[in-house]
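This report introduces a protein structure to a reader who has not met it before. Please keep the sequence and the structure in view while reading.

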Amino acid sequence: MFSFLKNLFGTNNNENSANENIKKTIDTESLEKEFIQLKKQLSTSNDNNIIELLNKLGEVCTNLNKIDDAISYYEQSLKKQPTLGKASTDLLKLYNIKRKEASLAKDDNLIQFYLEKIDNLMKLNKETMKKTTTY
């Protein structure tokens with residue numbers, strides 16, 4: 001009978017919170033393992049898949065909340081191959097996160113730094129669009 005009520009109303013908040021914490025720990029551990037594997041692959045990579053590895057490292061670092069590392073990987077990717085896509089859109093989101101953090105910290109220099117990064121990325125995107133558009 002109690003299991004019926006438990007299913008009907010769900011588990012209590014403490015159980016949900018504990019389950020979520022366990023899941024986050026497992027996810028973080030698997031992401032850390034993936035990060036290590038990708039770093040090893042990057043160190044032995046040829047030029048054929050380096051962009052893919054840099055983008056995947058950026059994604060994994062973002063999911064691990066290693067924002068500065070994620071930015072670095074995405075910037076490296078775009079430096080090697082400036083294209084519109086996931087690296088560009090994710091990098092824009094990360095720059096905005098950093099700009100918002102700087103704003104909350106009331107750090108005008110850092111706000112300006114990330115506004116310039118955003119502006120430069122938008123310029124790169126426009127240049128890339130012009131190169132790929134033919135008339």
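The sections below move from the whole chain to two of its helices and then to its salt bridges.

## Overall architecture

The model described here is predicted. The chain contains six helices and zero strands, giving the pattern α-α-α-α-α-α when read along the sequence.

Of the 135 residues in the chain, 25% are buried. The chain exposes about 10000 Å², and carbon and sulfur atoms supply 52% of that area. Among contacts with a separation of 6 or more, 45% are accounted for by residues 24 or more positions apart.

## Helix 5

Helix 5 covers residues 86-104, a total of 19 residues. Its first and last C-alpha atoms are 27 Å apart, close to the 27 Å expected at 1.5 Å a residue. The buried residues of this helix are Ala87, Ser88, Asp90, Leu91, Leu94, Tyr95, Lys98 and Ala102. These buried residues lie on the same side of helix 5, because they cover an arc of only 165° around the axis.

The buried residues of helix 5 pack against helix 3 (50-63), helix 4 (67-80) and helix 6 (108-132). On the face turned away from the buried side, helix 5 carries the exposed residues Lys93, Lys100 and Leu104. Just after helix 5, lysine 106 adopts a positive phi of about 60°.

## Helix 6

Helix 6 has 25 residues, which should span 36 Å at 1.5 Å a residue; the end C-alpha atoms are 36 Å apart, in agreement with that value. At the start of helix 6, a side-chain oxygen of aspartate 107 comes to within 3.3 Å of the backbone nitrogen of asparagine 109.

The buried residues in helix 6 are Ile111, Tyr114, Ile118, Leu121, Asn125 and Thr128. The buried residues of helix 6 pack against helix 4 and helix 5. Leucine 110 is also placed in helix 6, and it counts as partly exposed because its relative accessibility is 34%. Between the C-alpha atoms of leucine 110 and arginine 99 the distance is 7.1 Å, and the two residues are 11 residues apart in sequence.

## Salt bridges

Side chains of opposite charge can pair when their charged atoms come close. The structure holds eight salt bridges. One of them joins glutamate 32 and lysine 66, with the closest N and O atoms 3.6 Å apart. Glutamate 32 lies in helix 2 (residues 13-43) and lysine 66 in the loop between helix 3 and helix 4, so this pair ties together parts that are 34 residues apart in sequence. Glutamate 32 is partly exposed at 28% relative accessibility, and lysine 66 is partly exposed at 26%.

A salt bridge is also formed by lysine 56 and glutamate 34, whose closest N and O atoms are 3.5 Å apart. Lysine 56 is in helix 3 and glutamate 34 in helix 2, so the pair ties together parts that are 22 residues apart in sequence. Lysine 56 further meets glutamate 59 in a salt bridge of 3.8 Å, N to O. Glutamate 59 and lysine 56 both lie in helix 3, three residues apart, about one turn of the helix. Glu34, Lys56 and Glu59 are thus linked in a network of salt bridges. The members of this network are partly exposed: lysine 56 has a relative accessibility of 30%, glutamate 34 has 24% and glutamate 59 has 26%.

How values were computed: Residues numbered from 1 in each chain as written. Predicted model: local features only at pLDDT ≥ 70, side-chain atom pairs only at ≥ 80, totals over all residues. Heavy atoms only, no water. Helix = DSSP H or I, 4+ residues; strand = E, 2+ residues; numbered from the N terminus. Buried < 20%, exposed > 50% of the residue type's maximum accessible area, 1.4 Å probe, protein only. Contact = heavy atoms within 4.5 Å. Areas by Shrake-Rupley, 256 points an atom, 1.4 Å probe, with all protein chains shown as cover. Expected span 1.5 Å × (residues − 1). Arc of directions from axis to C-beta. Polar contact = N/O pair within 3.5 Å; in protein donor to acceptor, adjacent residues only side chain to side chain. Salt bridge = Lys/Arg side-chain N within 4 Å of Asp/Glu carboxyl O.
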